[in-house]
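Dear colleague,

I am handing over the structure below, and after it you will find some notes on the charged side-chain contacts that turned up in it. Please read them with the structure open beside you.

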Amino acid sequence: RRFFKNKERREMTTTLAASSSSATTALERAIARTLDAFIRRSARGGGSDATMSSSGQSKSLKGGFKGVFLGKSRSVVRLTGKDGKKLLQGLLTNDVDLLLEDDDNNTNTMYAAMLTPKGRIVTDVFLTRGRSDDGGRRNNDEILIDSCQRAKETLLTQIVRRKLRSDVSVEDASEELSVRVMPPSFDTDYADSGGRGNVLLPADPRWFGLGRRGIVFDATKKTEEDAELDEKVYANWRHANGVPEGSLELGERFPAESRLTHLHAVSFTKGCYVGQEPTARAEFQGEVRKGVVPVVFDENKEVKINGIVISKKDGKEIGKVVASRGGGVGLALVRFAKVENVSEGVSIETVDESGDGGEKEEKAFTECEFGTPNWWSHHWNSRD
């Protein structure tokens, strides 16, 4: 099974690397364009005090690949104590027990979500198991949580409310730790060695084609412009691949509507957790009427967040814009029944540049296309 998984990973990475020369659809061209921007941004030199090791050899990041840092949109929460696993197991959608297995083949990173009791998404999180101080055996009493910045306080509140007298302590570690992402490549996992032990930077647990993602010790001080560009480059790459992230993009939707069930965020074999019943019911009934899809449009246009997507044939609304950071790509939430019969194309609402501000101002639209990213064809879920 591992052989075929690794073979599939090599084939997919080769496909991504060659996409710029063979792209034929608008989405394929957008994926190639955003991947190129991601690689270029990741490979820029200078400005980082972080270090990493590959294959046991330390290497400074000042002159080579150092990735993109997500300091504005993501924060890091440190959970310590022997009861941390039990607490998260009842709060998150994925099986935290699998994260803490003493298995050399385990990647020690996991994607999950926190839901409301009615099964709607509050936020997504990435879990990373800590290491002992000597960089040896994994430390089961420390879990690092890569959390959406906007939902950090909600996450902390839920943890504090549930811990009662449990052996659990929680703190915001964003001042010393940061989230780093890197483009997909053939390289093995990296580890940060910033003087405080090793933290793996493995393949993104949602889908390896997105690249690598991890938590690192970093002393980088970025300008507002640099930080914003990092966020934009990575957001465009995600959007081209149809992957929402964070509480704003995920919204208060069900996991299946944001495709979290296909991004390894939900376990259907674990015990009870908040929002489990409606999540399981939706999965086993097998009916999802709407969902998030990537949308491609004119690079020179700025689409309106929460603006509508309409059919060019009859002008009827078929969806709404969920997210876009420019660059001609974004995410839209559409009703699948309405999309299937769109024969004359679709248009997406743009930001009005006239500035008239009239009471009955007409909405502006530009042509757009939906697409199907590579990972959709795999139909992966937590039960694979």
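One residue to start from is Glu228, which is partly exposed, with a relative accessible area of 31%; please keep in mind throughout that the model is predicted. The side chain of Glu228 meets that of Lys72 in a salt bridge, at 2.9 Å from N to O. Because Lys72 lies in the loop between strand 3 (68-69) and strand 4 (74-80), while Glu228 belongs to helix 7 (residues 224-240), the pair ties together parts that are 156 residues apart in sequence. Lys72 also counts as partly exposed, at 36% relative accessibility.

A second salt bridge joins the side chains of Arg74 and Glu245, with 4.0 Å from N to O. Arg74 sits in strand 4 and Glu245 in the loop between helix 7 and helix 8 (246-250), so this pair ties together parts that are 171 residues apart in sequence. Both Arg74 and Glu245 are buried.

A third example is the salt bridge between Glu349 and Lys304, whose closest N and O atoms are 3.6 Å apart. This pair links distant parts of the chain, with Glu349 in strand 17 (residues 346-350) and Lys304, 45 residues apart from it, in the loop between strand 13 (290-297) and strand 14 (308-311). Glu349 counts as buried at 5% relative accessibility, whereas Lys304 is partly exposed at 40%.

Salt bridges that share partners also join Arg74, Asp124, Asp146, Asp204, Arg206, Arg213, Arg238, Glu245 and Glu249 into one network. In the whole structure, the search finds 24 salt bridges.

With best regards

Key. Residues are numbered from 1 along each chain as its sequence is written. This is a predicted model: local features need pLDDT of at least 70, side-chain atom pairs count only at pLDDT 80 or more; totals for chains, interfaces and linings use all residues. Side-chain values use heavy atoms; hydrogens and water are left out. Helices (H or I, at least four residues) and strands (E, at least two) are DSSP runs, numbered from the N terminus. Buried means under 20% relative accessible area, exposed over 50%, partly exposed in between (1.4 Å probe, protein chains only).
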